[in-house]
Amino acid sequence: MGKPWATFGVDLHLDRSGRPGLRRGLTDALREAVRGGRLAPGTRLPSSRSLAGDLGVARNTVAEVYADLVAEGWLTARQGSGTRVAERTPATPGRRRPAPSRPAPHRREPAPPAYDLVPGTPELASFPRTRWLRAARRALTAAPDRALGYGDPRGHVELRTALAGYLSRARGVHADPDRIVVCSGFLGGLGVLTDLLHRRGARSLAVESYGLPHHRRLIRRTGLDMPPLPFDDRGTRLPDDPIAAQAVLLTPSHQFPLGLPLLPERRTALIDWARGTGGLVLEDDYDGELRYDRQPVGALQGLDPDRVVYLGTASKSLAPALRLGWLVLPGSLVEEAMDAMAGRIPGVLDQLTLAEFIGSGDYDRHVRAARLRYRRRRDALVAALAERAPEVRVTGIAAGMHAVLRLPPGTEQQFVRAAAWHGLAVQGMSMFRHPEAAVPPLDALVVGYGTPPDHAWTGALDALCRALS
């Protein structure tokens with residue numbers, strides 16, 4: 001037995017309420033859908049048989065309505081092509097064509113940015129599309145049917161197991177698959193943790209004096225206070241007085257954006273604070289794999305897995321669009337985090353693909369290639385500035401995908417404007433400073449060298465040197 005005729009065609013909703021007469025009401029509804037733009041030019045309409053079945057009317061009625069609208073020019077009908085909305089621009093009542101604008105007085109404006117040196121994004125052109133596609137095919141082929149269900153709110157066990165092995169080996173994290181929760185990127189994980197803290201009655205989450213403003217906005221929306229941690233020329237430190245916050249968020253391996261690691265004695269003091277007060281440390285390990293001039297700095301979580309939450313993400317190592325992040329939690333927080341995960345679980349297929357990508361060794365190979373590529377760019381940046389802008393001091397370059405260019409006091413905005421005139425999108429250090437930080441403002445440019453594709457890096461460097469000189 002063949003398929004019922006009603007399964008052929010496309011869905012079409014028509015509002016015939018309040019319209020007199022069956023044929024006239026249907027004609028008016030279709031005409032209004034075309035006139036108002038809800039049915040775009042070229043849209044293929046359902047066959048007369050299919051639409052008649054959907055509306056519960058005779059097929060002849062629909063055929064006559066189609067014929068009327070073809071005659072009026074709203075629709076077209078060709079053999080083999082079906083009935084379609086005519087290629088015409090319906091008039092919109094009450095709107096007039098705007099009058100030609102007068103030419104503005106001649107005024108120099110900065111050109112649109114030709115090069116993106118905003119920190120935080122990897123080189124997207126190097127995303128391993130072919131290997132990722134192979135991993136996706138293998139993962140989907142091997143996945144049992146149950147993998148396509150709602151699943152575990154912590155994330156699929158395949159990815160949690162792969163992450164536990166990788167993080168233990170590469171970052172020194174004490175990671176058990178049962179204590180890992182997969183989330184929608186770093187912000188998704190941070191949102192889970194701020195909700196969790198709020199439910200526990202926490203009033204504040206201390207943050208670093210310099211950090212990403214959108215992280216602070218997310219924390220503020222949760223209702224938590226954000227006292228800034230002190231900062232000196234050796235990096236983030238605990239205040240002399242006890243911290244009023246119940247938790248702290250920081251980037252201990254490579255402080256963003258200043259690029260300093262948390263000193264060993266300050267790591268120890270932070271863990272001692274957490275143990276003594278019952279506080280929680282949220283460790284943002286945003287670029288932990290990208291180390292150049294020193295041995296990798298292990299994750300802080302390895303010092304006390306019961307007091308430190310480790311937050312990781314694929315946004316820097318692979319691509320932000322994957323929206324894949326993970327939390328490695330103290331055992332006492334796993335159930336509460338699962339409750340806070342409602343609606344925040346990333347797509348199953350990407351989870352399975354990343355698990356396969358890690359398990360096959362492709363992830364390690366990709367990270368090693370990225371580390372080499374970014375190191376070459378960093379070295380070219382340092383060499384170019386030493387030759388053409390020797391008065392600019394470059395810091396924070398032992399790891400990551402950005403450098404800090406120290407500037408004379410009071411000149412940051414001048415150099416940001418100069419960069420814009422030379423076609424560069426860059427950010428000054430001031431935009432990362434906590435508004436309540438007690439540290440004096442630091443004039444600098446935060447220059448990302450991850451985003452430009454390889455063929456554009458030489459041009460971006462030249463434009464940067466011209467702006468700085």
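Between which domains does the largest pocket lie, and why? In this predicted model, domain 2 (115-121 + 365-468) and domain 3 (127-363) both give residues to the lining of the largest pocket, so the pocket lies between them.

The volume of this pocket is about 630 Å³, and its lining is made up of 28 residues, among which Phe186, Leu212, His214, His215 and Lys316 lie nearest the centre. By residue class, the lining divides into 14 nonpolar, 9 polar and 5 charged residues. At least two lining residues come from each of α6 (185-199), α7 (213-222) and β8 (247-250), and α7 gives the most, with 3 residues.

Apart from the pocket, the model holds separate nonpolar cores, two of which are set out below.

| Core | Residues in core | Residues including |
|---|---|---|
| Largest nonpolar core | 32 residues | Leu117, Leu381, Leu385, Leu405, Leu445, Leu464, Leu468 |
| Second, separate core | 29 residues | Cys183, Leu224, Leu249, Ala337 |

In the largest nonpolar core, the seven leucines named in the table are those with the most contacts inside it. The elements that supply two or more residues to this core are α11 (362-388), β13 (402-406), α12 (412-421), β16 (444-448) and α13 (454-468), with α13 giving the most, at 8 residues.

Leu445 offers a view of the surroundings of one such core residue: leaving aside neighbours within four places in sequence, Leu445 is in contact with Ala403, Val404, Leu405, Leu407, Glu412, Phe415, Val416, Val426, Gln427, Gly428 and Leu468. In soluble globular proteins, nonpolar side chains tend to be buried together.

Notes. Residues are numbered from 1 along each chain as its sequence is written. This is a predicted model: local features need pLDDT of at least 70, side-chain atom pairs count only at pLDDT 80 or more; totals for chains, interfaces and linings use all residues. Side-chain values use heavy atoms; hydrogens and water are left out. On a 1 Å grid over the protein atoms alone, a cavity is a set of points where a 1.4 Å probe fits but cannot get out, and a pocket is an open set with protein on both sides within 12 Å along at least five of seven lines; lining residues have an atom within 4 Å of a point. Grid points are joined across faces, edges and corners, and a volume is the space filled by probe spheres set on the points. Helices (H or I, at least four residues) and strands (E, at least two) are DSSP runs, numbered from the N terminus. Ala, Val, Leu, Ile, Met, Phe, Trp, Tyr, Cys and Pro count as nonpolar, Asp, Glu, Lys and Arg as charged, and the others, Gly among them, as polar. Domain bounds come from an automatic or database domain assignment. A nonpolar core is a set of buried Ala, Val, Leu, Ile, Met, Phe, Trp, Tyr and Cys residues joined through side-chain atoms within 4.5 Å. Buried means under 20% relative accessible area, exposed over 50%, partly exposed in between (1.4 Å probe, protein chains only). Contact means heavy atoms within 4.5 Å.
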